[in-house]
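Please look at the chain below before reading on, and keep it in view while the report moves from single residues to the whole fold.

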Amino acid sequence: MTGEEKKQRATEFLLSCGQGQVEKVIPMITDSFYFESMKRTNPPGQEDQPLQNIVDRETFLGYAPQVLARTRDDLNMKVD
């Protein structure tokens, strides 16, 4: 896969996530998939726990449908 193809695939993934399109997102997730959020700190009351901002495929698939269901009306995203 070329760099341009990777960018196109990533853009499709992000836009599908932002639009809550679970049926498009799940087939794009390979066995080696991991998701790294931009989380910098833990929520209040959990400051003493290790920061967990990377999740593997199974963890992501466990909560992705609920997250994507909340974004059915779109997120505001711009792709450069």
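Lys-24 counts as partly exposed, with a relative accessibility of 44%, where buried means under 20% relative accessible area, exposed means over 50%, and partly exposed lies in between, as found with a 1.4 Å probe and the protein chains only. This is a predicted model, in which local features need pLDDT of at least 70 and side-chain atom pairs count only at pLDDT 80 or more, while totals for chains, interfaces and linings use all residues. Residues are numbered from 1 along each chain as its sequence is written, and side-chain values use heavy atoms, with hydrogens and water left out.

**Three partly exposed residues**

Lys-24 is found in helix 2, whereas Ile-26 lies in the loop between helix 2 (22-25) and strand 1, and Glu-36 belongs to strand 1 (residues 34-36). Here helices (H or I, at least four residues) and strands (E, at least two) are DSSP runs, numbered from the N terminus. The table sets out, for each of these residues, a partner and the distance between their C-alpha atoms.

| Residue | Relative accessible area | Partner | Positions apart | C-alpha separation |
|---|---|---|---|---|
| Lys-24 | 44% | Phe-13 | 11 residues | 7.9 Å |
| Ile-26 | 35% | Leu-61 | 35 residues | 7.5 Å |
| Glu-36 | 47% | Gln-52 | 16 residues | 9.0 Å |

If neighbours within four places in sequence are left aside, Glu-36 is in contact (heavy atoms within 4.5 Å) with Asn-53 and Ile-54.

**The chain and its core**

Read along the sequence, the chain follows the pattern α-α-β-β-α, with 3 helices and 2 strands. Of its 80 residues, 25% count as buried, and among the contacts with a separation of 6 or more, 52% are between residues 24 or more positions apart.

Which residues make up the largest nonpolar core? This core, a set of buried Ala, Val, Leu, Ile, Met, Phe, Trp, Tyr and Cys residues joined through side-chain atoms within 4.5 Å, consists of 10 residues in all: Phe-13, Cys-17, Val-25, Met-28, Ile-29, Phe-33, Val-55, Phe-60, Leu-61 and Ala-64. Helix 1 (3-18) and helix 3 (57-69) each supply at least two residues of this core, and helix 3 gives the most, with 3 residues. In soluble globular proteins, nonpolar side chains tend to be buried together.

**The second largest pocket**

The second largest pocket is lined by Met-1, Lys-6, Arg-9, Ala-10, Phe-13, Leu-14, Met-28 and Phe-33. By class, this lining has 6 nonpolar, no polar and 2 charged residues, where Ala, Val, Leu, Ile, Met, Phe, Trp, Tyr, Cys and Pro count as nonpolar, Asp, Glu, Lys and Arg as charged, and the others, Gly among them, as polar. A pocket is an open set of points on a 1 Å grid over the protein atoms alone, where a 1.4 Å probe fits, with protein on both sides within 12 Å along at least five of seven lines, and its lining residues have an atom within 4 Å of a point.
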